[in-house]
Amino acid sequence: MEQPLQKRSTGRLMIIGFLSPTILLLLFMVAYPIISLVYYSFHNFSAMRPADGMTWAGLGNYEYLLTDRGIWQRFVFTGKFVFLCVTMQMILGIFVGYQLQKTFKGRDFLFTALMLPMMLSPVVAGFLWRYMLNAEWGVVNYLLTGIGLPKVEWLSQATPALWAAAVVDTWMWTPFIALLATAAFRGIPETIYEAAEVDGASPAYVFFRVTLPMSAPVLFIALILRLIDCFKQYDLFVAFTGGGPGSSTETVSFAVAKTAFSYFYTGEASALAVILLCIIMGLAMILVRHLSKMGER
Amino acid sequence: MARIDLKDLTIRFGGFTAVDNVNLTVNDGEFAVYLGPSGCGKTTTLRAIAGLEQATSGDILFDGKRVNDLKPSERNIAMVFQFVSLYPNLSIAENIIFPLKARGMAKAEIARKLDWVTGVFKLGDELKRRPAALPPGARQKVALARAVIRDPAVLLLDEPLSAIDEQFREEMRWELGHLQRELGVTTIYVTHDQREAMSLADRIVLMNHSKIVQVAEPDRIFFQPSSVFAGQFIGSPSMNLIDLVPVAGGLRLGDSPVVLSQSELPPGITARGAVKLGIRPRDLRLVSGEGHALAVEDTFSVGRERFFTFTVSDQILQGTDHRTQPGAGSVTLVPEGMMFFDAETGLRITEAAA
């Protein structure tokens with residue numbers, strides 16, 4: 001009796017010993033920042049003026065934020081951006097993915113080429129496109145005038161800037177959806193398609209009735225990942241408009257950064273970040289639950 | 001319903017010839033079973049009839065009309081695949097009516113047909129469930145229901161029972177045979193299982209190395225195999241094969257002292273080159289007493305049946321004796337069970353040919 005008991009406790013010690021560096025690192029990297037973020041969010045505090053100290057604000061920061069019309073405008077703008085991006089990316093990505101599932105010559109090359117935008121840093125892509133979208137000498141307006149259309153002030157108005165950013169984000173991330181969609185489509189057994197062919201179903205019927213529903217779990221994951229990523233979009237608007245004109249192209253993330261590092265309202269920025277975190281965690285939880293359900297199957 | 005003709009059908013994949021110059025007629029309402037070892041080209045032939053493979057040369061005719069260039073959906077065929085090919089995202093009922101819906105049939109007509117098929121296959125309880133919730137045997141039943149619901153001219157079955165557990169397979173086999181006779185649909189069935197072939201087929205099409213070896217009714221293919229391959233592929237335990245050595249007065253069984261005299265042999269056979277004797281285990285008898293030179297080595301019984309082995313020319317041969325009072329110790333051959341094959345070509349020497 002004694003022998004195995006002792007063995008087990010040394011085993012447990014060993015496990016703790018091996019895990020502790022990782023756990024400590026995780027605590028330091030994840031738990032500490034989150035806890036201090038929540039802590040700051042309940043205080044009036046500016047990182048620029050540590051001498052003023054920290055005063056308890058309770059829910060004051062949250063109350064201020066949630067009653068401020070400016071922040072709702074940022075949420076609405078972010079929502080529009082997310083909706084545009086995700087809709088365009090999903091539709092285009094599924095379409096491209098469907099084309100890419102067929103085996104043809106040059107497929108591998110095309111695949112790699114399509115991945116390139118995804119490999120750019122978002123800020124780099126942002127500046128690249130800012131030049132292309134320049135109203136006076138940008139290549140986009142050059143092409144537009146070439147086919148007889150008027151020049152568009154892409155980056156100095158809110159709505160065109162929103163569309164431009166959504167298109168650029170779509171340009172960057174459609175390949176990602178396409179990649180996942182192709183993998184999902186290719187995972188459907190050939191006999192299912194053959195059965196459908198024998199059953200006399202048209203390609204469109206097969207696509208909407210069989211291919212798409214069968215790939216839905218994977219496409220859903222792609223959708224959630226894109227939702228999360230688009231929701232925290234910041235870089236593109238920094239590069240394109242700097243949030244302007246006024247604050248009309250500021251996303252929620254943008255507002256967090258500006259509040260924290262331009263105005264140095266650390267407490268208020270923390271509160272906003274906590275709200276953002278909750279939304280993203282909610283989305284992530286759907287994703288994780290979905291993934292574990294897929295694992296069980 | 002339809003008659004199917006294959007005319008000089010050849011299918012190549014690159015350098016590999018999967019189906020080599022096959023000619024065959026399957027009559028209207030007939031149950032034809034393609035039988036052969038894996039890789040013999042039976043599934044490829046079936047897929048070509050379905051339109052899922054292209055014929056390299058030769059013609060496929062349905063009721064005399066060439067269908068080579070028709071898509072699978074235009075051939076009015078239905079098919080059941082070896083591995084489950086149900087749509088996992090659809091319920092059983094939706095799976096079964098899929099071909100009708102895909103063709104845009106009226107709702108009332110679909111409901112009527114679903115009712116009919118549900119009754120035939122006794123599927124009532126399963127209709128609302130998903131394929132994943134059913135055992136493999138039941139899934140294949142659903143696939144069969146999906147196949148017959150639209151009254152196809154031809155029913156194609158690609159080893160439909162091979163992925164099902166033993167017990168359920170037996171049951172499905174009887175049901176399938178019964179159903180086919182009831183519907184009277186022209187059916188082509190592919191299998192490597194001789195028991196399935198023997199019990200289901202009106203005619204067996206035996207294939208080997210991309211070619212048809214023999215086409216015949218189950219009984220005839222069993223009692224009159226056209227070649228060593230046909231003789232050995234069908235029947236279990238497998239047919240024994242013994243080299244015959246010419247000696248004065250007849251042919252000797254390998255290295256044994258047993259000599260088949262002229263009177264026991266088909267006329268003219270001694271004049272031929274090398275000949276082999278084929279004899280099924282069931283055509284061997286256990287006997288007691290002197291004068292029989294084939295000595296039994298091992299015996300065991302399963303119920304009333306006795307299994308035994310003996311050796312000729314270093315080959316272990318098998319016999320089964322199911323008589324109530326078999327002898328012990330020696331083996332004799334039942335003369336009617338003896339079949340003679342040309343050792344060169346493997347073809348059977350029939351009395352007419354000899």
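**Figure 1. Salt bridges where chain A meets chain B.** In this predicted model, a total of 4 salt bridges turn up across the interface of chain A and chain B. One to zoom in on joins R146(B) to D199(A), with the closest N and O atoms 3.6 Å apart. On the chain A side, helices α8 (190–198) and α9 (203–231) each bring at least two residues to the face that touches chain B. Which of the elements gives the largest share of that face? That would be α8(A), with 7 residues.

**Figure 2. The wider A–B interface.** Pull back a little and here's the head count: 15 residues of chain A are in contact with 23 residues of chain B. Interface size is often quoted as the accessible area lost when the parts come together. For chain A and chain B, the area buried between them is about 1,700 Å², and 61% of it lies on carbon and sulfur atoms. Keep an eye on V198(A), D199(A) and R209(A): this trio supplies 38% of the area that chain A buries against chain B, more than any other three residues. D199(A) is also the residue that forms a salt bridge with R146(B). As for polar contacts across the interface of chain A and chain B, there are 6 residue pairs, both partners at pLDDT 80 or more.

**Figure 3. A three-stranded sheet in chain B.** Now for some strands: chain B has an open sheet of 3 strands, in the order β15-β20-β16, and the pairing is antiparallel. Which strands sit at the edges? They're β15 (284–287) and β16 (294–295) of chain B, each pairing on one side only. Strand β20 of chain B covers residues 330–333, and its antiparallel pairing with β15(B) runs over 4 bridges. To pick out a bridge by eye, start at R285(B) and look across to β20(B), where its partner is T332(B).

**Figure 4. Cysteines without disulfides.** How many disulfides are there over all chains? The count is 0. Take C230(A), which is in no disulfide: its nearest cysteine sulfur belongs to C85(A), and that atom is 4.1 Å away. A disulfide needs the two sulfur atoms within 2.5 Å, so the 4.1 Å between C230(A) and C85(A) doesn't make the cut. Is C230(A) buried or exposed? With a relative accessible area of 1%, C230(A) is buried. Over in chain B, C40(B) counts as buried too, at 1% relative accessibility. Both cysteines get that label because buried means under 20% relative accessible area.

Key
Residues numbered from 1 in each chain as written. Chains lettered and ligands numbered in written order. Predicted model: local features only at pLDDT ≥ 70, side-chain atom pairs only at ≥ 80, totals over all residues. Heavy atoms only, no water. Pairing = 2+ DSSP bridges. Buried < 20%, exposed > 50% of the residue type's maximum accessible area, 1.4 Å probe, protein only. Contact = heavy atoms within 4.5 Å. Buried area = accessible area lost by both parts, 1.4 Å probe. Salt bridge = Lys/Arg side-chain N within 4 Å of Asp/Glu carboxyl O. Polar contact = N/O pair within 3.5 Å; in protein donor to acceptor, adjacent residues only side chain to side chain.
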